[in-house]
Every structure is written in structure tokens, then in C-alpha cells.
Amino acid sequence: MSDLEGYEVGFDANGAVEVTNGDQSTTVPSQDAASEKLGCHSGSEMADAARAAGQSEILDQYAKDYPMGPHDQPQSMCPAFGSLRVGLRMRRTATVLSGSACCVYGLTFVSHFYGARRSVGYVPFNSETLVTGKLFEDIRESVHDMADPEKYDAIVVTNLCVPTASGVPLRLLPPEINGVRIVGIDVPGFGIPTHAEAKDVLAGAMLNYARQEAEAGPVQAPASGKADRPQVALLGEMFPADPMMIGAMLAPMGLAAGPVVPCREWRELYAALDCGVVAAIHPFYTASVREFQSAGRKVVGSAPVGRDGTMSWLANIGEAYNVPADQIAAAQNAFLPAIDGALQGARVNGTITVSGYEGSELLVARLLIESGANVPYVGTACPKTPWNTADTEWLEAKGVKVKFRASLEDDCAAMEAIKPDLAIGTTPVVQKGKELGIPSLYFTNLISARPLMGPAGAGSLQEVVNAAMGNKARMDHMREFFEGVGAGDAAGVWEGSPNVRDDFRATNAKKLERAAKAAKAAEMI
């Protein structure tokens, strides 16, 4: 039995790893390192391993918060990128990953590609340290070494797929060391469908920690001091200008925009929890909403996007704060004419399909429709929640097909069937669109990286959308130029005929047929 400052890691009578700290203990069933051999796209196999390792409670909560779609693993980037991004954007917050080296390499690469300017901690492991419980000791030792209150307010430790499937118990880490908060989360690819929802995993965990601190006694005030007006907390990452625009629209009602969650500093969590009303701008922050509601806060869905969206959102926020009707009307009258002017200033004339995994797809579609576009299909990888109901009803009343938990196959099928003038979507959708000669825009970099709220948002999309649709002739020319170079396993430029192996194709087809039959038989059992 190995001891590390009150924590004991050993084996029980059945050979299972047992971690004990005083009255707390957890048992991790003995592993044969099988979970280490499974990849992040093993789906249900890793989920089964995690449940066998005592992680059922976590996975059950994730299943409620983030219900799965047609696939049992993500179709976009690793979900842990979402929570990693949240931690890396916070001041005085250290981030430590526990997972396979290839996963950690990919996550650190993409995080620095997107502008992270600090190091990411990593606790390596091998089969021995994973199955003996030594990995947990290594993690605990690493956070003890890092816990310097002069440098950090918090340290975030994240289990990736393999440690989660193996039952590494981050919940047994001490809640604080030397005054530095320790926040442990599990973000497995087989339990979190999108990286957008992984942001909520960490934001919700931090709000839970901060809420318990606030309930226990006085906490640190915001750096800017306490607001002189009631504030509205804003839930969801957004373009930097949007919170300022929202604040301007709230001012006639005697309200102010509060902190944006996920926050940039720990003390902002207290200020967010202190807001009487929360605006769920991004509607998939289920765990965060739960924390706000536990603190007795009202939550309002949708966002001040376009004319109709702004009018109803201001009314709903005003009602939640019991603002007199004349002040609500004053706020609406102050900004609706400017929004109308922006919408009429540059119209969009064309058919557009919208898809993505950011969670703001419905808001973008509303803005495009009010700008004059025909939007027959909106697909989002995020789920349907009470906070996007108003947007869904508005879009469906306009004849739009809204698909929640939309798969890549759904988005591509809609684009191929509709043949829009412009396809807005994820990278593979854009790639498929360009192959078909359809002008396409990447949602994350070209659409969500623009203001959407109020008058600024009303005029932000038309220029880029109209410019892209104007490239149809160029897309046709490119398609004609590359016609005949082949596709799939015949892609490229060949001196002779492509070396197509019909025997390989037949063998692979038989494998797929057998796999489909096996899956069908398993369903019947």
C-alpha cells in the first residue's frame, strides 16, 4: 500500500485498485489495459469500460445534460478542446491534461493554433501506472507541485478518454491546496457529443465551486467593483463587441450587462452568480444553467438578434426583472429603428443552408432570414433545450427545417438536395459544397467571428454572404478545371487509368455487410 499525504492507493481483496482518503474511498475494477488500447472513437466500448470502472454516475449525468445524437462519438474535433479553451482563456488558471500522449499533443497543438499563450500541463502514464493507481498519485503530486497562490487562483485537471474509461478518480483530489482551487473534470469523447458542450462541463464545475464558496461566506469582489445597476449575466462565448452592444440595449431599462460565462477570471464567477437574471445566449450550457437556478436566478433564452429577436428578448429580460412596460418600450424604440435600417441597408437575395457545432446556428439563420435570405435548412450539432425553443418556433413558422443533433450526413444530404446559392457549415460540409461547385463558408471562422447582437449584428453578415454567393461563376470554373482528376480512391492525376482494385472493394463491401448484420443482431438481443 502506497501512501501520499493521507491518500492511500492499493488493491482490495478482488484485485481492484482502491483509493482512500479518510472516510472517502473509491474502488476501480482491475483493468487489463484494454481501455488504453481503445481510441476516442471506440464509442460504446469505452463507455462500457468506464461504467465497469465506477464512472456510471458521471456518464448518467452527462447523458441527461448532453443527450447523444445518431452517433456514439463526436464527428467534430475532440470535445476536450472546448473545456481546454475555457481554462486557457482564464487568468491565473493552470490547466493539466491526463490522457493518451497523442490526444494531448493534438489538443495542445490546436489550442496554440487558436491563440493560447500559456503552457498546458500533462501527466503521462503507461499501462502499469494506469492499472495500479499510480497515475492518480502522479496527478495529485503534480497539482501539489503547481499549487502556488502567487501564480494561480485555480488548477483545472482534465481526464481524457482513457483515464475516464479506467476510472481515475479526480473527485478524490483535494478541493484546494495552499489556497489554490483544484477543479477536476472528466471530458471523454464517448460522453460529451461536441466541444461546445465541453465548455459547459468546465464552466458548470467552476460555477458549482464558486457558488459553494459564496454560500459559505464573503468572497472576492469583481475587479471593476460592484455594479450600480442590476445586471444580466451572459451565458456563452460571443464576439467581443456583443456584450457591449447588449449593455447599451439594456441601459434604457436601468439594467447592465454582467459577466460573460465562461469567465476570464475566477472572481467574475461570483459576479455572474450575483446577477438576478441570466441570458442563455448559447442554449446548451445545461450544467451552468443548473448552477444559476440553484442560486435562485431566472434564465431567459434566445438573444437580441434581428428585429423580432431583439424586441422579444428585451421584453423577456424586462419582465424577468419586473421593469415597467414604458421602460421596456423605450429600450425597444431606441434600437429597433437602427436594426431595421441595418437589415434594409444590404439585402441578401439567395438560398442558404446553415449548419455548425457552435450552438449559435439558429441565431445566424434568424438574422439571414430577416436580411432577405431563404433559409430552408438549419442543422446544429447541439441539442434542443428550453433555451432555444423560441428560436426554433420562429424558424419553423418561417418554413425552416431545424435539425438538432444534426450529423455530417444530415447536413451534406440537405445541401445536396437543396443545392443552395450558399452553404454555411463545418469544414467537411464546406469541402463537399466546393466539390459540388456550391459557394461555401466555414461557420466558425467566417460567421461566428462577427457581431450578431443588435444594430451591429444586423448589418454584419450581408457583405461576406453576398461576396461568397457572387463567387458562383468562379466555383463553376474551378469545378470544370478539375473535372476528371478523380475522386475517392481514384483521386489525383494519373498517367494511365487509376489502379482500381475491384477485389479490394468487394472484400471491404463484405466486411461492411457483415458488420451491419452483426449490429442488427445485437439490437434484436
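1. Let's start with helix 5, which spans residues 101–113 and has Phe-113 in it. This is a predicted model, so read everything below in that light. Phe-113 has a relative accessibility of 60%, and because anything over 50% is called exposed, Phe-113 gets that label.

2. Phe-113 also has company on the surface. Together with Tyr-105, Phe-109 and Tyr-114, Phe-113 makes up a nonpolar patch. The accessible area of these four residues together comes to about 500 Å².

3. On to charges. Side chains of opposite charge can pair when their charged atoms come close. The count for this structure is 19 salt bridges, and a few of them are worth a look on your screen.

4. Take Asp-153 and Arg-92, whose side chains form a salt bridge with an N to O distance of 3.0 Å. These two residues are 61 apart in the chain, so the pair ties together distant parts of it. Asp-153 sits in the loop between helix 7 (134–146) and strand 7 (154–159), while Arg-92 is in the loop between helix 4 (80–88) and strand 5 (93–98). Which of these labels fits Asp-153, buried or exposed? It is buried, because its relative accessibility of 16% falls under the 20% limit. Arg-92, at 31%, is partly exposed.

5. Next, look at Lys-199 and Glu-237, which meet in a salt bridge at 2.6 Å, N to O. This pair also links distant parts of the chain, with the two positions 38 residues apart in numbering. Lys-199 belongs to helix 9 (residues 195–216), and Glu-237 lies in the loop between strand 10 (231–235) and helix 10 (241–250). Both Lys-199 and Glu-237 are buried.

6. The Lys-199 and Glu-237 pair is part of something wider: a network of salt bridges links Arg-85, Arg-89, Lys-199 and Glu-237.

7. For another setting, try Asp-228 and Arg-229, a salt bridge in which the closest N and O atoms are 3.8 Å apart. Asp-228 is exposed because its relative accessible area is 72%, and Arg-229 counts as partly exposed because its value is 35%.

8. Now the pockets. The second largest pocket has a volume of about 870 Å³. Its lining counts 29 residues, and those closest to the pocket's centre are Arg-171, Gly-184, Ile-185, Ala-205 and Asn-208.

9. Which element gives the most to the lining of the second largest pocket? That would be helix 9, with seven residues. Helix 3 (56–65), strand 9 (180–186) and helix 12 (286–294) each bring at least two residues as well. By class, this pocket's lining splits into 14 nonpolar, eight polar and seven charged residues.

10. Finally, the enclosed spaces. Rolling a probe the size of a water molecule over the atoms shows where empty space is left. There are four cavities of 30 Å³ or more in the structure, and the second largest cavity holds about 80 Å³.

11. What lines that second largest cavity? The residues are Ile-281, Pro-283, Ser-302, Gly-359, Leu-362, Leu-363, Thr-380, Cys-382, Trp-387, Asn-388, Asp-391 and Phe-404. Sorted by class, the cavity lining has seven nonpolar residues, four polar ones and one charged residue.

Terms used
Residues numbered from 1 in each chain as written. Predicted model: local features only at pLDDT ≥ 70, side-chain atom pairs only at ≥ 80, totals over all residues. Heavy atoms only, no water. 1 Å grid on protein atoms, 1.4 Å probe; cavity = no way out; pocket = protein on both sides within 12 Å on 5 of 7 lines; lining within 4 Å. Points joined across faces, edges and corners; volume = space filled by probe spheres on them. Nonpolar A, V, L, I, M, F, W, Y, C, P; charged D, E, K, R; others polar. Patch = residues over 30% accessible without salt bridge, like charges linked within 9 Å, V, L, I, M, F, W, Y side chains within 5 Å. Areas by Shrake-Rupley, 256 points an atom, 1.4 Å probe, with all protein chains shown as cover. Helix = DSSP H or I, 4+ residues; strand = E, 2+ residues; numbered from the N terminus. Buried < 20%, exposed > 50% of the residue type's maximum accessible area, 1.4 Å probe, protein only.
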